[in-house]
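Open your viewer, load the model and get ready to click along. At each stop there is something to select and something to look for.

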Amino acid sequence: MKDFGSYVLYLSFFMISIFWSWKYGQKKNGSVSLKKKVMYCLLITLPIIFIQGFRYDVGTDYMSYSSLYRGFSEGNETFYAWYANEPLFIFMCRIIYFVTQGGQYSFFIVDAILMNVLLFITFDYYKDQVSLPFMYFFYYLLCFPYFLNIERQGLAVIIVWYATRYVHQKKLFKFLLCILIATLFHNTAIFGAAFYFINFLRGKYSVYVKTAVALFVIFSPFILEWGIGFLSSHVELFRKYLKFLKTDMTETVEYVNTNLIFMAFLILVLFLFLRFLRKSGLDMLWILFLCFAQLVAYVINNYIDWGFRMSFYFEFGMMYAYSFFYAKLKYRANKIVLQSFLIVSLLFYFTYKFYIQGNCQIIPYQFIWSDHL
């Protein structure tokens, strides 16, 4: 499929899913039966499952995951040693291989089902508080293209997002259990534990905790660089991360981080409406913490290659805040202005990063039944 055709294909399938999320978002959770909820889940998720699961060689690491899937199932000892600290990923590959009798594309299809159904359950929890279509719009244009590349981390990110419900409910054990499960798919999910720190920031020790967090944030690039370097050099399970450390600090820091600039712009615009957001009942401390953590992750990317990947865990804050903001606006004119701003901004990002620059190699797109031989 040609580049422009692939670009239109993605946007078309996104719009189908977003349309059904809009229809579903008009119904309050209490008025939706389980049968209808399942129906809307299918209508919203199936278009994305289709293009995510039935693709061929789309995404930078597509062939790598295909090799890992077969390698784990065939007992490749090197792969086992390399991913021993992510056992749920190995277990998932082996189960899929066993059930499908080694189906060549089954890993990507099952992974797409798990990610999109869990995303629906996650967004459904917040449905009465936010604009559901904008939650999906943010996800499809900012996160989904990357998740076609980082398969197992994409699943880990969504598990961490699901765990946010337990932050608000102050159920620490359930939250940590979700973080543990996510970490056993992809180790970077451990950073999702930071979501719960917000509850400690409200306590009687909040001054000391805030000071400690501020100091950690200031020195985080150097602390993490040293920490990963130490673990990579002395702990066998972490040796694979040594290659992600950047050595030419001058060159990397001077590099223009377009993701940082774009996200900082969106966050700045969001907080121009700080007074309104406070009055609307939004948990501002939670949102501030997550937005700040997201920007820190982009800064860390100047020192550690996978710093950018950590930002996905915290991107939920900005997605939620904008969707919450839009849902609380009373006047139609204000909704149209914000809607236009978000559509133009996010479409620009998707077009520039993935259609023009060709990031993640998601364009051109081809299905598994395409003539790719």
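Here is a walk through the model, from the whole chain down to single residues.

**Stop 1: the whole chain**

Keep in mind as you go that you are looking at a predicted model. Show everything as a cartoon. How many helices and strands does the protein have? There are 17 helices and 0 strands. Now switch on the surface: the protein exposes about 17900 Å², and carbon and sulfur atoms supply 67% of that area. Of the 373 residues, 52% count as buried. If you take contacts between residues at least 6 apart in sequence, 76% of them join residues at least 24 apart.

**Stop 2: the core**

Hide the surface and select Y10, F14, Y139, Y140 and W286. These residues have the most contacts inside the largest nonpolar core, which has 118 residues. Which helix gives this core its largest share? Color residues 132-147 to find out: that is helix 7, and it supplies 14 residues of the core. As general background, nonpolar side chains tend to be buried together in soluble globular proteins.

Stay with Y140 for a moment and show what surrounds it. Leaving aside neighbours within four places in sequence, Y140 is in contact with F14, S17, I18, I44, I48, P145 and F350.

**Stop 3: helix 1 beside helix 2**

Select residues 3-25 for helix 1 and residues 34-53 for helix 2. At what angle do helix 1 and helix 2 pack? The angle is about 170°, and the axes are 9 Å apart. An angle over 145 degrees counts as roughly antiparallel, and helix 1 and helix 2 are therefore roughly antiparallel to each other.

Next, show side chains where the two helices meet. On the helix 1 side, look for residues including Y10, F14, S17 and W20. On the helix 2 side, the residues include Y40, I44, I48 and F50. The residues of this contact divide into 13 nonpolar, 2 polar and 2 charged.

**Stop 4: helix 8 beside helix 9**

Now select residues 151-168, helix 8, and residues 172-183, helix 9. Their axes come within 8 Å and cross at roughly 175°, which makes helix 8 roughly antiparallel to helix 9. In helix 8, the contact residues include I159, V160, Y162 and Y166; in helix 9, F175, C178 and I179 are among them. The residues of this contact divide into 12 nonpolar, no polar and 1 charged.

**Stop 5: three residues inside helices**

Start with I96 in helix 5 (residues 87-99). I96 counts as buried, at 6% relative accessibility. Show its surroundings: apart from residues within four places in sequence, I96 is in contact with Y69, S106, F107 and V110. Try the distance tool from I96 to I109, too: the two are 13 residues apart in sequence and 9.9 Å apart in space, C-alpha to C-alpha.

Move on to N259, which lies in helix 13 (residues 258-270). Is N259 buried or exposed? N259 is buried, because its relative accessible area is 9% and the cut-off for buried is under 20%. Not counting neighbours within four places in sequence, N259 is in contact with Y146, Y298, F308, Y349 and K353.

The third is C291, in helix 15 (residues 284-300). C291 is buried, with a relative accessible area of 2%. Beyond residues up to four places away in sequence, C291 touches I267, F271 and M318. For another distance, pick L268: its C-alpha atom is separated from that of C291 by 9.9 Å, and the two residues are 23 apart along the chain.

**Stop 6: backbone details**

Where is D57? Look in the loop between helix 2 and helix 3 (62-73). D57 has a positive phi of about 50° although it is not a glycine. D57 is partly exposed, with a relative accessible area of 36%.

Then go to the segment after helix 17, where you will find C360. C360 has a positive phi of about 65°, and it is not a glycine either. At 12% relative accessibility, C360 counts as buried.

Finish at P364, also in the segment after helix 17 (332-356). Zoom in on the backbone between I363 and P364: a cis peptide bond joins them, with omega at about 5°.

Technical notes. Residues numbered from 1 in each chain as written. Predicted model: local features only at pLDDT ≥ 70, side-chain atom pairs only at ≥ 80, totals over all residues. Heavy atoms only, no water. Core = buried A, V, L, I, M, F, W, Y, C linked by side-chain atoms within 4.5 Å. Buried < 20%, exposed > 50% of the residue type's maximum accessible area, 1.4 Å probe, protein only. Helix = DSSP H or I, 4+ residues; strand = E, 2+ residues; numbered from the N terminus. Contact = heavy atoms within 4.5 Å. Areas by Shrake-Rupley, 256 points an atom, 1.4 Å probe, with all protein chains shown as cover. Axes fitted to C-alpha atoms, helices over the stretch in contact; angles between N-to-C directions. Parallel < 35°, antiparallel > 145°, perpendicular 65-115°, else oblique. Nonpolar A, V, L, I, M, F, W, Y, C, P; charged D, E, K, R; others polar.
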